[in-house]
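Colleague: I have a model open and would like to learn how to read it. Could you take me through some features one at a time?

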Amino acid sequence: MSTSPSIPAMTPTTRRVRAYFAPVNRTQAQPAVFDPSLNANFSLDSPPAPWIDLGWIEAFTRKSTSKYGVLAAGSPANTQYQVRESLDAVVSLRFTSWSKLTMALAAGSQHMNVIPAATPVSGNGNGSGSKGVSAVSLSATGSTATFLAMASTDAISFQAGSLVAVDVDYTGQTGYVGSGVSAAYVLSAAAVNSDPDYIRRVTFNVARVQSVTSTGLTLAQPLIAGVPAAAMKVQPILGFVDREGGSFFQEWSALFVIAGDQGERIFYYYPRLQAIGGAEEAATPLTAPAATVASSRPFTSSTASANVANLRNAAATHTTQAGSMPSPTAAQMLSPAHGNQSERISLAAGFRALPVTDANDGERVVCFRTFIPPVFALV
Amino acid sequence: MQNAKDTFYITLRNRLTQVNPARTILLRSVTRPGILVEEAESPMALPVLDAFTLRWTGLAILPQLPLPLAQMTCEIYYSTAGTQPNSGLDRGRALEEMDAELQQMLSPQCAPKLNYTTTPPGAMLTSIFWSEPEFQPAVPLRDQISRTALVTVWSWQEAGER
């Protein structure tokens, strides 16, 4: 008989939480699926399709806001049964990187690409950009997720290092638009001025150009929608713009992973998340206040080195798991509060979880928490 | 705690051979990677230049967990006088190289704990893990410049482990 050594059920320890998002197919109402029975051991640097790695996040908190009620009977009344009156949960976090995807997730509504204005500018300008320069067509064949084939006369209008949006012309479609990700919901052609650039203005199918040749553009990152269709066109963009307001709610599937120091993993899979707040930022000072700590013996007898060795910056430890759910509006906003200190600006995001049906038992749920214990730990 | 201290040192030593194989020291007639544990060597009047010296200082035990959790402070000291061909004028660059090497040696911030009192080392059930380094200000002293980085190392105390 053989026995394997074991340790008690352990307390997970970790420093960071990693976030992965995947678009929900809005037209068919299908969230992206994370199945722990298939993918629990995936490499954190290369998540399974269709999950997109958005890196380490901070201030990740989640909270159940489901409401419970009781059925009481008797005199005096005493609880006989409990019932779930509502099912609800919220998630908040901060993205440390700014990108098309993180900005859009944090903003929650339509997220627009800034297309360079055509000249002469028509009208008096517009907060999300004026009528843009003309888009160029792709060649019928030869394009891939990282290469845009086009005529040499079109390619020379782009520069290495520039940004491009790749999507179809708007031709009167209504409903969800955008390749790869449902980027907006169009009620009518009139609402978007029948602008042929509208879909490229909101699309997530964007990338940076790595190099330009006579046959097309090589991209520094793959397009989120994969190989572009020949009907798509390419338009340069300068950056991104979002707004406080808007009627559209983006919806994403999210997966948050805590990788413990003993090899354990905790997954939080939210099949459907929608933003519950507008665009907000949180500012954190780059430098922590210096503090004197108990000294240890200096490595040399030098007084100077001893004095310096006794100094220690009290590094601000960052907890990823707060005890309570911070309000998205409570984020530390950009202000003179930190004087002339340098600050790093994070994107603050808050989400409400929407339900799906678990195929195993038909229950309506908003989140799946999976725990993969460390090797040797008793369960 | 000794298993954790040994594991931390050996982990950093092995990573140093990958990060910069050329960083070696001659100690007790043996050429070895440029990292040592102060308490495991003969007392030295001066620290070894261009090498990492580990000094274990703080210790705390968190007992209220499934296993006692040892929390140890390791001060990692390194100094340089630059290179002779450059008359030591490159000592700032040399220190920056050691800063970068240490950052690489400390990542990832965990390693399986081994018992080095046996040959070959025995695998234990848990891993040690450590904090981000807190780099202290560089200290110039005559022709040398030095720095200390503070790292907190944690280790679950397994059954029978001292």
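Colleague: Where should I look for contacts that join distant parts of the sequence, and what share do they make up in chain A?

Modeller: Take the contacts between residues at least 6 apart in sequence, then ask which of them join residues at least 24 apart; in chain A that share is 74%. Bear in mind that this is a predicted model. For chain B the corresponding share is 55%.

Colleague: What secondary structure does each chain have?

Modeller: Chain A has five helices and 24 strands. Chain B has two helices and ten strands. Read from the N terminus, the order in chain B is α-β-β-β-β-β-α-β-β-β-β-β.

Colleague: How is the compactness of chain B judged?

Modeller: The radius of gyration is set against what the globule rule gives for the chain length. For the 162 residues of chain B the rule gives 15 Å and the model has 17 Å, which is close, so chain B is as compact as a globular protein of that length. Its C-alpha trace spans about 55 × 30 × 30 Å along the principal axes.

Colleague: How much of each chain is buried, and how much surface is left?

Modeller: A residue counts as buried when its relative accessible area is under 20%. In chain A, 42% of the 379 residues meet that; in chain B, 50% of the 162 residues do. The accessible surface of chain A is about 19200 Å², with 53% belonging to carbon and sulfur atoms. Chain B exposes about 8000 Å², and carbon and sulfur atoms supply 54% of that.

Colleague: Which residues of helix H2 in chain B are buried?

Modeller: A general point comes before the list. An α-helix has 3.6 residues a turn, so residues three or four places apart point the same way. In H2(B) the buried residues are B:Ala94, B:Leu95, B:Met98, B:Asp99, B:Glu101, B:Leu102 and B:Met105. They pack against several elements of chain B, including helix H1 (2-19), strand E5 (69-80) and strand E10 (144-156). Helix H2 itself covers residues 91-105, and its 15 residues reach 21 Å from first C-alpha to last, close to the 21 Å expected.

Colleague: Which residues form a nonpolar patch on the surface of chain A?

Modeller: A:Leu71, A:Tyr81 and A:Val83 form one, with about 290 Å² of accessible area together. A:Leu71 belongs to strand E3 (residues 67-73) of chain A.

Colleague: Why does A:Leu71 count as partly exposed?

Modeller: Because its relative accessibility is 46%, and partly exposed covers the range between buried, under 20%, and exposed, over 50%.

Key: Residues are numbered from 1 along each chain as its sequence is written. Chains are lettered from A and ligands numbered from 1 in the order in which they are written. This is a predicted model: local features need pLDDT of at least 70, side-chain atom pairs count only at pLDDT 80 or more; totals for chains, interfaces and linings use all residues. Side-chain values use heavy atoms; hydrogens and water are left out. Patches are made of residues with over 30% relative accessible area and no salt bridge: like charges are joined within 9 Å, nonpolar side chains (Val, Leu, Ile, Met, Phe, Trp, Tyr) within 5 Å. Accessible areas come from the Shrake-Rupley method with a 1.4 Å probe; for residues, only the protein chains shown count as cover. A salt bridge is a side-chain nitrogen of Lys or Arg within 4 Å of a carboxyl oxygen of Asp or Glu. Helices (H or I, at least four residues) and strands (E, at least two) are DSSP runs, numbered from the N terminus. Buried means under 20% relative accessible area, exposed over 50%, partly exposed in between (1.4 Å probe, protein chains only). The expected span of a helix is 1.5 Å times one less than its number of residues. Contact means heavy atoms within 4.5 Å. The radius of gyration is taken over C-alpha atoms; the globule rule is 2.2 Å times the number of residues to the power 0.38.
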